[in-house]
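Got the viewer open? Here's a short tour: what to select, and what you'll find when you get there.

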Amino acid sequence: MAQMTITLAVPSKGRLEELTRDWFARRGLTITRPGGARSYLGAIEGLPEVTVRFFPASEIARELIRGNIDLGVTGRDLIHETSEAGPDAVEFARDLEFGHADVVIAVPEAWIDVTHMHDLADVASDFRSRHGRWLRIATKYITITRQHFASAGIAEYRIVESLGATEAAPASGVADIVVDITSTGSTLAANGLRVLEDGVMLKSEANLIVSRTAQWTEQRRETLNALLGQLQG
Amino acid sequence: MTNAAYRRSQLESLVEAQGGCRATPPLLLSAGPYFDLAGEEFGRRLLLTTDVTGAEYCLRPDFTLPIVADYIANGAGEPAAFSYLGPIFRQRETGPAEFDQAGIELLAQPDGDIALDQVLTFARAALSLYGITPNVRLGGVGLFEALLAQADMPDAWRPRIRHRFGHTEAMDRLLSRLEQAPDLPRTEQPSRDELVEDVTARMVSAGLSLSEGRSPEEIADRYLEQQALDAAHVPAATLKLLRDFLAIKGDALTALREVEALADKHRLFLGPPMKAIRRHLDGLGEARITFDASFSPRLDYYTGIVFEMRGQGGTVLVSGGQYDRLLERLGATAPIAASGCALWVDRMEAEWPK
């Protein structure tokens, strides 16, 4: 029995937990949480070989990449952000069709001369000689920003780590531009920020993700396939 | 006797024999200067830690920066030579790692070409201790800058193209964009005053400081410049020249002849940088030398000639060149000639035939 058990990680609170449990329920699988909201252990009714654990979404991403849990529900953005090696360490098995949001680059609306990444490359390249410091980007998406800017050929900038209200960073003088996550862009617009025309770095959504780095025996693989078989479309 | 410890001690003697000062910068360094000099791209390779105030420190990721910073702090200007051998620390995809690195830094030398010869000789001598005849890859930063200065195009495009030198994809994207530039009918531009007023109003309403970062004047000027740029096409012949030039790569003598043919065809005067490259070919002896016109590190303080030396497996064992703009970037008040190289000792040892 133990050799065929797999671990499914589910976001531990809020809207994400609710939507995940709804998604499973619509496919005939009821996720139970016997201890209530303060318990971190659960189960799927009728599937004793699946252990359910409740984790914060960012920890699910980390543990999937490390292979400490076998599959889990979290945002695609968190897999990309947690580690450069993240996307290669997992398989995106099912788009859960909620939690849609884009990681975007936004500049002050007043920067009428900057509409594309190549404009930003030009501005960044002589920012330091004009202002005595680097162009500053506020974001919580450090890994994604570094990767994207490297491939765009932009090296002349500094990241200012921002763990909340990133959209306020230009007005408060903490940074010049932002990399932020948005579903409608309205928060950015309300703060006088405009997304570059080619400024979508990543399209994200809640996804059921399988770890490639977990220890997959033939028996556990069978359990996984049976579970995924029940979770079509 | 030829074991690893013996080769290491031979290398140690070679480093000591460089006639300069043996530099031993601390292992724990302030991270700020690295981010300032090389940006986030290099920053992601640092092993970072913080003090109680949140200030960032890193384990020494290279020798050049602390050596040069120390030289400037002690009053730059006098010719100086430094050599080093010791551990550096970098993040790799597989995790943090410690490497041995050796190298030399020649600063404010009266003749930059002689200094580079000395750097190349040191690198060759070190490789020969490990039985390695390297493949040398040369790049000409000075050559590209000379070509760019003479090529027929609106001036505003030159820094934009220079900025992308060394990043093949970014350069390709820019050239493709220029090749496809449509001949749009120009709409009437608002005046600079109107633009400044408009941008100022937008910044004020968004609560942006008018003086802290980009100013309304800077934005308006760049907007107008950009409109002018869209109208100011780079001639198709110039774009072809750049494409043809950047594609030149191969056996050094053949490649340099191709550069000369191209220069003749476009009536460019590339004599001095070509002569500089040729004179170093002689000093490299039996090594296999290739010249790659598009090769440059992505850091804009490199000048003149840059090089890499690779072993049989194709891994880079030595990289270096001339970086006359580095000292100014680190706070020197006047340009100071600099050249040097860094050797990856562990990779050299791995080349030793088993």
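**Starting at a strand pair**

Select strand β6 (residues 95-107) of chain B along with β12(B): the two run antiparallel, joined over seven bridges. Strands count as paired if DSSP finds at least two bridges between them, and helices (H or I, at least four residues) and strands (E, at least two) are DSSP runs, numbered from the N terminus. Before you click on, note that this is a predicted model, where local features need pLDDT of at least 70, side-chain atom pairs count only at pLDDT 80 or more, and totals for chains, interfaces and linings use all residues. Residues are numbered from 1 along each chain as its sequence is written, while chains are lettered from A and ligands numbered from 1 in the order in which they are written.

Now zoom in on I104(B), and you'll see C341(B) of β12(B) opposite. Next, add β11 (residues 316-322) of chain B, another antiparallel partner of β12(B), with five bridges. Here Q322(B) faces S339(B).

Keep just β12 (residues 338-344) of chain B: seven of its seven residues are buried, so the rest of the structure largely encloses it. (Buried means 20 or more other C-beta atoms within 10 Å of a residue's own, exposed 12 or fewer, partly exposed in between; C-beta atoms are placed from the backbone.) One side carries A338(B), G340(B), A342(B) and W344(B), the other S339(B), C341(B) and L343(B).

Last stop: helix α2(B), where Y34(B), F35(B) and A38(B) are among the buried residues.
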